[in-house]
Amino acid sequence: MEGHAADNRKSAVHQGAEVAQFSVVGTRIRQPDGPAKATGEAKFAGDISLPGMLIGKILRSPYPHAVIKSIDTSKAEALPGVMAVLTPDNVAEWKTFDRGMKDMPLVAGGYRVPSEEAVVNKVARHYGDAIAAVAAVDEHTAEEAIELLEVEYELLPFVLDAEEAMQPDAPQVSDLAPDNVGKHLFYPYPEGDVDKALAEADLVVSGVFSTHKQDHCTQETAACVAYLDASGRLNVWSQCQLAHLGRRELASIFKMPVNRIKLMTPFVGGSFGQRGAVCAEPIAVALALRSKRPVRLVFSREDNFLGLESRTGFKKIDIKMGFTSDGTLTAIKTQMIGTLGGYMGCGPMSSVIGMTLAMGHYRCPNRFGEAHMVMTNTPVSGAMRGFGNDAMMFCIEQLMDDAARRLGIDPIDIRLKNAKEPGEIASMGLELESTYMEDCLQLGAEAFGWHEKRTQAKKDEGPIKRGYGMATMSHCTGAAPLYLEHSNAMVKFNEDGSADLTVHPAPVGQHIWGALSQICAEELGIRAEDVHIVTGDTDVTLFEYGSDASRSTYAIGGATLRAARQAKEQMLARAAEMLEVPADRLEVKDRVVVVKGRPDKTVTVAEVCYDAIYAFGGRATNFAGKQSFESTWNSPTYGAYFAEVEVNTETGRVHVPRFVTAIDCGKAINPMAVEGQLEGGLQQGLGYALTENFIVNPKTGVVETDNYDSYKVPGALDMPDSTVLIVDKPDPKGPFGAKGVGEPGMVGIPPCIANAVYDAIGVRLRDLPMTPERVLEALTEKTEGETETVRGE
């Protein structure tokens, strides 16, 4: 999905009058990883092959809650080719863990998640929980060994619904979660007296919403290769998008010093937040340690659906919003009940992040929110593109439309009236550096024909009803000040004037190598193709928090810019000696250092670098920059979305033939990469809104949608005619003005479609996904209500 582009797409970049002119930034370069992927040369974790390597397989619980009383491994161990078997009893020497690794301090005190998950578990807490694993000489033997394991289960009562789990007599999922409430969290920036403001409001709009689990559906399933080398160091090929934190987590689990672990990041076939947790790594490492052989563990698609974190669903989001008669927003109050699943993972923070971003999206003097994040005997919830903001924006933006309709205000105008301005406090509690939401609305409305469509008669055809909707959103660029925003970069000039950039982002399909090479090249005055990315090895790279929260371009790019600037200063100092002028009189562009105002007086970057490296007389040096970057600010990305829908009132099917996205992501480092993110976000947002439904059988706890034959992901034929508009105005803090764009592409999609559906058929769909069944049910309730009104008259 990342980088997906529909054949019927259109795009445009709209630059402000004062945008600085760049040589490399803002161009559509060929991606550095493109040739390797196109030719098949790129190595993913599942492609790694080592001498003597074994294949791992996992046995998963067929029950949602059960004690593993015993596992008879004798038949499996007797099978020729089986080299290791893991059971709950023989992994007890290793520590339990929190797969989400989210144990970094918050600003207001520490945030910790209990480490309750074992390599394989003695008590299965959800259908598909890992309870045993094997390593064998080939895949067939490993699969046969799994079938030979004989397990005795003691079935336990289970609870699947978050509200039911909070009842006093509900089965207990975790001893560390009284009443199954894993975390009771609050909106971190409460303000004013919400209840008083609601009581005094001219208009109060409210709604109870629900959102669902969504699987990440990465092209590559979870995979890991691990082995102990001759020196006793653990070598791990890991997909973890937080590589240095993943290394730290493995060191904790297996009681090893961090320096004894080398974690390498191969190409990764998608993440969307899923690789922010340790996935296949603990079991792969355990099998390698037990067998003393290299082990490759690749999840099946069913393993992915059952054993990995998926989007945190919210059983209930109850929101009230107060307005004055002129449309001024005066109050927001939120109550959330979220579903965590059998372990806490990353899930709890989705409520705090969601409330923070959505409740801070508009100017509002009175705000309060709280969330009960509840453990259930279902697969684990965690981080996914939007991380809670998707759920909250689904609610907020529908209520904004409700308020506009009831007050007789255009939906665009009510949003502009309440939009924040630079200098105000942004959603993350920091000063808002830049916002161009007005530009997004103006450009998007013009491209979509918003005002014309709202004044023209709709061309409905029989049961097909047309509707038009819009929504806005803002999303963080990085997680400051909630999490530690720490990135590092090294830039080294080579004697030919090229440069090596050493960084460690996760290459999950977002083309981050290209963006970083452009930032580096722009600052150094060379070309993007002159920059070689050195990455993917914790032995080589400095500490890197990783790639999440739409932070890579902003934070890792910030470190890259600083390191490049440091290296350039050294190079220009040497060039100044060669040209016999002060360094401040020099500028560098397109591989050439030139004296300002003297275009005839030049020296190439290659000549300067060669002179420095091969100099005699104590003058030899290698220009290099190494910089740490800890972001203490956060520049939100803003977006506006416009959708046309066709609702079949006989079948309930919602079709989206036309969609417009207008984005304020600061300066687009590579417009093509931005467009790819937004096109992919549209596809993922369509699935979240309409078709992707993670179904757990309410009687058995069995996951019924564990592959693509039962879980509908939108394909190419489902994509609308799409237009992407980039405002392209710089942010004061981002590298060359850039802000994040990885997550915003999908956050505003569901409310936009929901608002269009309401415009088409006059009913509110407050539950995701908006399936045909729910559409028909809503239409039936509307018809019955109208019938009752007529009878009452």
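How much space lies in the largest cavity? The largest cavity holds about 740 Å³ of space. The legends below describe a predicted model.

**Figure 1. The two assigned domains of the protein chain are shown together.** The domain assignment gives domain 1 as residues 11-18 + 419-479 + 635-782, and domain 2 as residues 486-630. Taken over C-alpha atoms, the centres of domain 1 and domain 2 are separated by 38 Å. To the contact between them, domain 1 brings 22 residues and domain 2 brings 16 residues.

**Figure 2. The largest cavity lies between domain 1 and domain 2.** Both domains give residues to the lining of this cavity, and it therefore lies between them. The structure holds 5 cavities of 30 Å³ or more, and the largest encloses about 740 Å³ of space. Its lining is made of 49 residues, of which Ala-549, Ser-550, Arg-551, Gly-742 and Glu-743 are the closest to its centre. Helix H14 (512-524), helix H15 (552-579) and helix H17 (671-691) are the elements that give two or more residues to this lining. The largest share, 4 residues, comes from H14. By class, the lining of the largest cavity consists of 22 nonpolar, 19 polar and 8 charged residues.

**Figure 3. The second largest cavity has a volume of about 160 Å³.** The lining of the second largest cavity comprises 17 residues, and those closest to its centre are Arg-99, Glu-117, Cys-279, Ile-283 and Gly-307. Two or more residues of this lining are given by each of strand E2 (54-60) and helix H7 (281-291). The classes represented in the lining of the second largest cavity are nonpolar, with 10 residues, polar, with 3, and charged, with 4.

**Figure 4. An open sheet of 5 strands combines its members in mixed pairing.** The order of the strands is E8-E17-E16-E15-E9. Strand E8 (181-186) and strand E9 (203-211) form the edges, each pairing on one side only. From one strand to the next, the twist averages 10°. Helix H10 (residues 389-407) packs on the sheet, where it touches E9, E15 and E16. The direction of H10 makes about 150° with that of E9.

**Figure 5. Strands E15 and E16 run antiparallel within the sheet.** Strand E15 covers residues 313-323 and strand E16 covers residues 329-341. The two strands are joined by 10 bridges. In one close-up of this pairing, Ile-319 has Thr-334 of E16 as its bridge partner.

**Figure 6. The largest pocket has a volume of about 550 Å³.** What lines this pocket, and which residues lie nearest its centre? The lining is formed by 19 residues, and Leu-160, His-212, Lys-315, Phe-694 and Val-696 lie nearest the centre of the pocket. Strands E9 and E15 are the elements that give two or more residues to the lining. The largest share of the lining, 3 residues, comes from E15. By class, the residues that line the largest pocket divide into 8 nonpolar, 7 polar and 4 charged. Both strands named here also belong to the sheet of Figure 4, whose order is E8-E17-E16-E15-E9.

Definitions and conventions. Residues numbered from 1 in each chain as written. Predicted model: local features only at pLDDT ≥ 70, side-chain atom pairs only at ≥ 80, totals over all residues. Heavy atoms only, no water. Pairing = 2+ DSSP bridges. Axes fitted to C-alpha atoms, helices over the stretch in contact; angles between N-to-C directions. Contact = heavy atoms within 4.5 Å. 1 Å grid on protein atoms, 1.4 Å probe; cavity = no way out; pocket = protein on both sides within 12 Å on 5 of 7 lines; lining within 4 Å. Points joined across faces, edges and corners; volume = space filled by probe spheres on them. Nonpolar A, V, L, I, M, F, W, Y, C, P; charged D, E, K, R; others polar. Domains from an automatic or database assignment.
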